[in-house]
Amino acid sequence: MTDIAAVKAALAGQRIETPSWGYGNSGTRFKVFAQTGVPRTPWEKLDDAAKVHEFTGTAPTVALHIPWDRVDDYAALASYAEERGLKLGTINSNTFQDDAYKLGSVCHPDATVRRKALDHLLECVDIMDATGSKDLKLWFADGTNYPGQDDIRERQDRLAEGLAKVYERLGDDQRLLLEYKFFEPAFYTTDVPDWGTAYTHCLKLGERAQVVVDTGHHAPGTNIEFIVATLLREGKLGAFDFNSRFYADDDLMAGAADPFQLFRIMYEVIRGGGFTPDVAFMLDQCHNIEAKIPAIIRSVMNVQEATAKALLVDRAALTTAQRSGDVLAANAVLMDAYNTDVRPLLGEVREELGLDPDPVAAYHRSGWAARIAEERVGGQQAGWGA
């Protein structure tokens with residue numbers, strides 16, 4: 001039988017990092033749809049993130065993206081976050097929005113461009129030092145569109161060289177988190193297309209280099225929970241970027257497209273000992289047509305619900321069924337947990353933490369949306385995209 005008190009304690013201690021860019025305007029390559037009240041500065045992004053944490057109680061860190069969140073004084077930004085009950089989390093690099101990177105960044109055939117990209121990555125480590133951030137997350141849009149465009153093996157050599165220089169610069173308590181994506185924007189070859197490539201580079205770099213699993217970065221039918229289980233087994237799972245996909249890297253709310261998949265992933269996380277601070281649970285989403293803050297709150301809640309169901313799996317019964325070869329009984333154990341309505345349980349957890357059991361409703365009652373729509377007039381809204 002499942003220990004409900006232990007489940008509630010685990011849920012109360014869960015931490016989910018929200019992305020600064022999730023609070024700004026975003027869109028597809030065709031159009032960005034602006035919304036009222038959107039932050040104009042990194043400081044206002046933190047104000048919104050503080051509201052998410054206020055109503056969920058489980059989102060105390062905010063990931064930054066450089067240069068989208070560039071400021072003159074990062075220590076001051078970190079202090080501002082702390083005044084609002086937050087901490088600055090993962091620092092994300094950007095080597096995909098400069099004209100120089102048309103043929104790649106750290107994998108570019110021109111050493112001058114590679115140096116430009118490396119300088120940016122080293123700047124991100126400097127920012128980590130100033131903010132107290134522990135994780136540097138790297139995603140590269142590098143790749144090729146046509147056979148023969150560049151030498152595939154040489155590009156891997158350039159990538160390894162650049163990563164090694166960044167890794168060498170890290171402090172003893174800092175990590176390099178390498179993300180992969182099987183296509184887009186490159187269509188013929190992508191330089192970090194899968195978990196195996198990312199794992200290979202991280203293995204060579206050292207123990208403080210780990211892999212990021214973005215749940216939207218896989219081909220249809222990919223068994224993501226197998227990847228998670230394998231990386232945990234090898235001690236190389238560093239972080240998640242949670243979002244949902246229907247067709248490609250859709251960046252929809254976590255759990256929106258396939259909540260059963262999110263449950264299966266979280267079960268393997270718990271089974272593999274990954275439900276610890278050593279694995280960062282981050283959102284990486286773009287809220288193009290929905291209101292930003294409620295969407296992020298809903299995403300946090302979706303991850304919580306998947307986690308609660310995974311914690312409710314009767315591990316003893318599952319092991320018994322598995323070892324006896326009872327296929328249907330084993331599957332039924334998982335399905336019983338998945339089909340449990342965990343919303344009342346999570347409501348109890350929130351009430352015990354002094355929170356409203358319904359974070360979305362509490363946010364709407366707070367009046368924050370009306371306040372920021374009135375106050376944030378003028379200036380340049382934060383955002384990225386088309």
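A pocket, as I use the word today, is an open set of grid points with protein on both sides within 12 Å along at least five of seven lines. Keep that in mind. Everything I show comes from a predicted model.

Let's start with the largest pocket. It holds about 1400 Å³ of space. Lining it are 48 residues. Which of them are closest to its centre? They are Trp139, Lys181, Glu184, Pro185 and Trp384. Now look for regular elements in the lining. Strand 4, residues 135-138, and strand 5, residues 143-144, each give two or more residues. By class, the lining divides into 18 nonpolar, 16 polar and 14 charged residues.

Next, the second largest pocket. Here the space is about 730 Å³. The lining has 28 residues, and Arg15, Glu17, Thr61, Pro277 and Ala280 are the closest to the centre. Three elements give two or more residues to this lining: helix 3 (74-83), strand 3 (87-92) and strand 10 (280-283). Which element gives the most? Strand 3 does, with four residues. The classes here are 10 nonpolar, 10 polar and eight charged.

Strand 3 takes us to the sheet. The sheet is open and has eight strands. Read across, the order is 1-2-3-4-6-8-9-10, and the pairing is parallel. Strands of a sheet pair through backbone hydrogen bonds, either parallel or antiparallel. Where are the edges of this sheet? At strand 1, residues 18-19, and at strand 10; each of these pairs on one side only.

Let's walk in from strand 1. Strand 1 pairs with strand 2, residues 61-65, over two bridges, in the parallel sense. Find Thr18 on your screen: it stands opposite Val62 in strand 2. Now go one step further. Strand 2 and strand 3 are also parallel, over four bridges. On that side, Val62 stands opposite Leu88 in strand 3. So Val62 is a handy marker: it faces Thr18 and it faces Leu88. Is strand 3 enclosed or open to the outside? Five of its six residues are buried, so strand 3 is largely enclosed by the rest of the structure. Buried means under 20% relative accessible area.

Further along the order sits strand 8, residues 209-214. Six of its six residues are buried, so strand 8 too is largely enclosed by the rest of the structure. What flanks it? On one side, strand 6, residues 175-179, runs parallel to strand 8, with four bridges joining them. Glu179 stands opposite Val212 in strand 8. Then there is strand 9, residues 237-242, which is joined to strand 8 by four bridges and is also parallel. There, Val211 stands opposite Leu237.

Now a helix. Helix 5 covers residues 152-169. How far apart are its end C-alpha atoms? They are 27 Å apart. At 1.5 Å a residue, the 18 residues should span 26 Å, so the two values agree. Next, the sides of helix 5. Arg155, Arg158, Leu159, Gly162, Leu163, Val166 and Tyr167 are buried. They cover an arc of only 165° around the axis, which puts them on the same side of helix 5. Turn to the other side of helix 5, and you find Arg153 and Glu168 exposed.

One enclosed space remains. How many cavities of 30 Å³ or more does the structure hold? One. The largest cavity contains about 60 Å³ of space. Its lining is Leu11, Ala12, Arg15, Thr56, Gly57, Thr58, Gln304, Leu346, Val349, Arg350 and Leu353. You have met Arg15 before: it is among the residues closest to the centre of the second largest pocket. Helix 1 (4-12) and helix 12 (343-352) each supply at least two residues to the cavity lining. Helix 12 gives the most, with three. By class, this lining has five nonpolar, four polar and two charged residues.

Last stop, the outside. Lys204 is found in helix 6, residues 195-205. Is Lys204 buried or exposed? Its relative accessibility is 72%, so Lys204 counts as exposed; the cut-off is over 50%. Finally, a distance. Lys204 and Thr340 are 136 residues apart along the chain, and their C-alpha atoms are separated by 43 Å.

How values were computed. Residues are numbered from 1 along each chain as its sequence is written. This is a predicted model: local features need pLDDT of at least 70, side-chain atom pairs count only at pLDDT 80 or more; totals for chains, interfaces and linings use all residues. Side-chain values use heavy atoms; hydrogens and water are left out. On a 1 Å grid over the protein atoms alone, a cavity is a set of points where a 1.4 Å probe fits but cannot get out, and a pocket is an open set with protein on both sides within 12 Å along at least five of seven lines; lining residues have an atom within 4 Å of a point. Grid points are joined across faces, edges and corners, and a volume is the space filled by probe spheres set on the points. Ala, Val, Leu, Ile, Met, Phe, Trp, Tyr, Cys and Pro count as nonpolar, Asp, Glu, Lys and Arg as charged, and the others, Gly among them, as polar. Two strands pair if DSSP finds at least two bridges between them. The expected span of a helix is 1.5 Å times one less than its number of residues. Buried means under 20% relative accessible area, exposed over 50%, partly exposed in between (1.4 Å probe, protein chains only). The arc is that of the directions from the helix axis to the C-beta atoms.
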